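Me: I should be grateful for a close look at how the chains of this model meet, followed by some account of individual positions elsewhere. Please give it as one connected description, with the reasoning shown where a cut-off decides the matter.

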Amino acid sequence: MRRATLFRAALLVVPAAWREAVARDLAEEAEPGGRGTIWCACQALGVGLRLRRTIGLDALRSDLCGSIRSLARARGFTAAAILTFALGIGVNVAVFSVIDRLMFRPLPYADPERLVHLHTASSVGSAPEATIDVMIGQRIFERARSIQDMAWAQASGFELLVDGFGTAPVKAGAASANLLRVLGIRPAAGRDFTADRERPAGGPSEALLAYDTWTTRFGRSHEVIGRVFDVHVLNRTAQYRIVGILPPGFIVPSSRLAERTDLVMVRHNRLADGDRTRPGHDTVAPVARLRPGVSREQAAAEIATLVAPLRRQFPEYEHERVTVLPLRQGLFFLYAPYLWLVVGAAALVLLVACVNLGTLLLARGRSRAQEAAVRTALGASPGRLVFAATIDAAILCVASSVAALLLCRWASTALMTVVPFEFRGFAVSALDPRLVGLTLAVALASALAAAMGPVRGLRRIDVLSILQRGDQGAGSARLRSGTLLLAAEAALGVVLVAGAAASVHSFLGLALRDPGFVAEDLHSVNLGLPADQTADKSTRVPRLRAIREAFDGMPDVEAAGVITRSPFIEDLPPETFWQHLGRSGREWGVSEDLFEAMGTPVVYGRTFTRAEVDDDALVAILSEGGARSLWPGEPVRNVIGRTIQTKGGNREVVGVVADVRVHPTLPLMPALFLPATAREIEAGWSSATLVALVKMAPGRSPDRALIAARLGETIGRVSVSSEPAVGVLAPWLERPRFQALLFGSFAAIGLLLAAMGIYAVAAFEVARRRHEVGVRMTLGASAGDIRRLLVRGAVLPVAAGAAAGLGLTWWAARFLQSLLFEVDARDPWTFAAVALVLVATAVAASWLPARRAARVDPAAVLRET
Amino acid sequence: MLLLGEVEQLVLLAVLRLGDEAYAVPLRALIKAEAGVDLSRGTIYATLERLERKGYVTSWFSDPQAVRGGKARRLFRLKPPGVAAVTAAKQGLDRLARGTVAARPARRKA
């Protein structure tokens with residue numbers, strides 16, 4: 001009995017049209033061979049599956065061809081649907097191609113779960129970095145039992161000129177010799193760094209070449225391995241031997257992201273020295289490998305125990321907490337909130353595109369309802385109808401994805417120019433197999449989501465009423481779904497537009513902020529002086545005058561001044577004067593004409609005279625912030641004539657200049673300016689590097705060769721490099737600019753998609769209510785009344801959606817706030833403006849169909865029905 | 001005219017040979033005996049389904065077995081397009097094989 005039931009159950013797999021014949025044939029074959037019911041059941045199962053596969057594939061082919069033909073006939077709809085979805089998915093392809101390696105792709109190291117990143121956090125120069133103090137790092141390296149080994153690395157922080165590498169500058173990073181061993185990887189060619197204690201003293205140092213650089217500059221020639229290159233940094237030249245090639249796709253494990261790293265130079269592993277007895281000002285970014293079986297939590301607890309005595313002993317470490325994060329999280333945690341916000345915004349755009357596609361499919365579903373009714377009457381199963389409805393969406397989504405991938409590939413160069421420089425090195429091609437696979441998977445999932453509306457409509461088909469009277473019966477249900485989708489689109493659009501408004505406002509605030517100097521046509525000329533003269537203070541004045549005179553009469557030079565260190569670099573230890581007072585601040589030695597060259601206004605008093613600079617007179621100039629810091633609460637003008645005590649003696653304050661703010665988001669530092677030859681100024685002179693700030697004629701750049709030649713005649717061989725001041729400001733504006741551009745683009749796309757969706761629903765509404773419009777106009781309604789009626793029908797759901805969207809934006813504002821500069825993400829005026837923009841979009845998009853409806857001839861409409 | 005697959009050709013020829021008694025069981029046995037190809041039952045049924053959809057064969061149900069719950073056989077016959085298709089395929093192969101070793105008659109074993 002049970003076996004017979006099993007056979008009957010197996011027969012259910014066979015399609016109904018074949019069931020009886022298969023049962024008869026199997027019974028006929030089973031008897032002579034003495035085969036039992038189990039055999040029949042297995043055979044029935046096999047035959048049934050094979051038949052279903054054949055019929056299914058044929059049906060798929062048939063439906064696919066039918067859908068393609070149908071979409072090809074409706075060219076306008078197809079083009080609109082592909083364009084809208086391509087916009088949505090294209091945005092995600094572009095974003096994902098940049099962040100995949102940053103956030104999701106497995107790190108290219110062995111056993112990455114055992115790698116951790118140790119840091120407190122600090123801001124170094126223009127790029128933030130997660131580091132720890134060297135003394136703390138040495139304590140951990142020496143005593144932590146949970147850690148197997150520790151290394152450190154820094155992605156490219158400077159550009160070098162390297163003989164034999166061509167004329168393009170080389171971006172170089174640095175690392176300890178044990179980096180690759182800690183990461184568990186080997187070079188692609190050549191060998192690893194020699195361990196510190198085994199490296200012979202003297203002779204060339206070692207470097208590893210990046211795989212991409214090896215390919216592009218040396219054509220993967222093995223001859224470069226073992227070659228020695230001269231590396232030039234300002235006035236110093238060092239020799240490095242290329243000992244190996246880094247593996248392809250190698251990421252320097254540094255939280256200071258870099259556009260690219262061409263060369264990794266070995267540096268001494270300070271963590272292994274164990275020589276620090278006091279806190280210093282240098283930091284390091286260590287990467288550690290945990291011992292097998294040790295968890296990250298255990299390591300963090302042990303490190304906290306090791307650091308606790310240092311925190312008690314040294315006040316500088318009182319607030320230091322060492323964080324132990326998985327390596328990926330540690331490398332990118334400084335950027336993670338920003339990147340997640342970008343991912344969220346891109347996903348929001350995709351959601352809007354899905355909703356919009358669903359709206360378009362719903363509007364198109366009117367003709368589909370009649371076709372579905374006919375097919376149902378002819379015997380099509382509900383599953384077959386659902387499949388046919390879904391395949392339209394799938395074809396559109398896949399076609400959109402292919403178009404988006406190709407567009408992103410074609411526009412990749414243009415896209416890279418707007419991506420912040422620190423992320424560019426991580427971008428992959430839009431045709432990367434992983435990216436293509438993920439895009440298609442997302443497209444198919446989106447197709448399923450977008451097809452939900454039309455599929456729900458198919459479940460409520462009244463075959464008889466549709467065949468008799470058309471689809472008016474189903475139209476109202478479809479309309480309700482359409483208005484819901486419109487409201488959803490409006491809600492999502494509000495979030496995007498509000499984010500864009502806040503980001504643009506923030507960027508403009510930063511960009512328009514007065515930096516305290518005129519950056520246009522201002523150049524920072526870095527001079528590497530001959531080393532043999534730097535120790536002698538009596539040569540300061542002649543060298544200073546020689547440098548000033550080198551620029552006199554130079555073509556296109558409008559003004560020039562000398563400063564002992566670049567004012568554009570922030571990563572410097574606190575200066576002696578301010579440190580003595582227990583606060584942070586900056587101290588520079590300047591020539592008498594520096595502020596004129598910089599365009600920094602002298603707010604009160606005067607600048608130095610030439611005689612005061614030459615004679616190192618006991619005078620000083622303060623910034624406005626410096627004056628307020630020393631004499632809080634007093635009017636700044638009152639500090640003129642006051643005295644401050646420096647290492648060189650009591651100096652009279654003769655002038656106050658405007659604050660110079662190079663990094664707009666960092667706290668303003670008080671500044672002290674002394675004559676360039678001041679006895680207490682060591683920086684610049686001791687390192688044999690001075691900086692000339694040169695105001696050039698518009699569009700001109702300093703002639704480095706001429707400068708070097710003029711200085712060579714007076715003070716000897718000088719190395720000269722220069723960079724424009726706008727280039728210094730640009731990185732600080734790059735991310736806010738990118739954020740504004742990104743959210744602005746997302747908002748524009750969101751609005752466009754919403755407008756298209758509103759138009760489609762409004763057009764459907766007009767067609768559906770054609771008879772009603774005819775009756776209303778017959779009864780006396782004017783064209784204006786009709787237009788108002790139809791526009792209201794589109795605007796009301798959008799307004800409701802916008803109100804819901806404002807609530808969503810209020811909640812999401814907390815995630816955006818940290819990325820804004822002096823802008824409130826919950827500003828009520830912004831919210832009101834955004835809601836108005838959405839409503840205005842709804843009015844504009846529904847106006848054309850409404851106008852068309854108001855022009856119908858009521859008599860003709862009534863005759864039709 | 002659509003090209004015929006090898007399995008489709010075998011099934012069409014077998015249906016032609018069996019006349020009015022062509023159904024899945026003897027079709028499979030005949031193809032195995034004459035062509036030496038052991039097709040699975042699923043392949044036979046799937047091919048018949050496809051050929052019927054293409055319009056090369058037609059099917060009808062025989063009288064059910066004279067027992068309670070008796071099942072009917074599904075029998076197949078070639079339609080003119082099916083005859084034309086298999087004839088054209090066979091003639092095409094013969095023309096192609098002319099003059100080659102494939103056209104020589106099979107040697108009888110002594």
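Reply: Partly exposed is used below for a residue whose relative accessible area lies between the limits for buried, under 20%, and exposed, over 50%. The model is a predicted one. By the limits just given, A:A304 is partly exposed, because its relative accessible area is 47%. A:A304 belongs to helix α8 of chain A, which covers residues 296-313. In sequence, A:A304 and A:T323 are separated by 19 residues, and their C-alpha atoms lie 9.0 Å apart in space.

The meeting of the two chains may now be taken up. On the side of chain A, 20 residues make contact, and on the side of chain B, 23 residues do so. About 2,000 Å² of area is buried between chain A and chain B. Carbon and sulfur atoms give 55% of that buried area.

Charged and polar pairs also occur between the two chains. Four salt bridges are counted between chain A and chain B. A salt bridge joins B:R73 to A:E28, with 2.9 Å between the closest N and O atoms. That distance satisfies the rule, because a salt bridge requires a side-chain nitrogen of Lys or Arg within 4 Å of a carboxyl oxygen of Asp or Glu. Across the interface of chain A and chain B, 10 residue pairs are in polar contact, both residues of each pair being at pLDDT 80 or more.

Two helices of chain A, α2 (16-33) and α3 (37-73), each contribute at least two residues to the side that touches chain B. Of the elements on that side, α2(A) gives the most, with 11 residues. Sorted by class, the side of chain A that touches chain B comprises 10 nonpolar, eight charged and two polar residues.

The partner, chain B, is built from four helices and two strands. Read from the N terminus, the order of its elements is α-α-α-β-β-α. A box of roughly 60 × 40 × 20 Å, taken along the principal axes, holds the C-alpha atoms of chain B. Chain B has 110 residues, and 41% of them count as buried. Among contacts in chain B with a separation of 6 or more, 48% are between residues 24 or more positions apart.

The cysteines come next. Zero disulfides are found over all chains in a search of the whole structure. A:C65 is in no disulfide, and the nearest cysteine sulfur, that of A:C397, is 19 Å away. Because its relative accessibility is 37%, A:C65 counts as partly exposed. A:C354 is likewise in no disulfide, the nearest cysteine sulfur being that of A:C397 at 6.6 Å. Neither distance meets the rule, because a disulfide requires two cysteine sulfur atoms within 2.5 Å. A:C354 is buried, because its relative accessible area is 11%.

A last position is a serine in a loop. A:S254 is placed in the loop of chain A that lies between β10 (236-245) and β11 (263-267). A:S254 counts as buried, because its relative accessibility is 2%. A polar atom of the side chain of A:S254 lies 3.4 Å from the backbone nitrogen of A:A155.

Terms used
Residues are numbered from 1 along each chain as its sequence is written. Chains are lettered from A and ligands numbered from 1 in the order in which they are written. This is a predicted model: local features need pLDDT of at least 70, side-chain atom pairs count only at pLDDT 80 or more; totals for chains, interfaces and linings use all residues. Side-chain values use heavy atoms; hydrogens and water are left out. Contact means heavy atoms within 4.5 Å. Buried area is the accessible area (1.4 Å probe) that two parts lose on being put together, summed over both. A polar contact is a pair of N or O atoms within 3.5 Å; within protein, one must be able to donate a hydrogen and the other to accept it, and residues adjacent in sequence count only if both atoms are side-chain atoms. Ala, Val, Leu, Ile, Met, Phe, Trp, Tyr, Cys and Pro count as nonpolar, Asp, Glu, Lys and Arg as charged, and the others, Gly among them, as polar. Buried means under 20% relative accessible area, exposed over 50%, partly exposed in between (1.4 Å probe, protein chains only).
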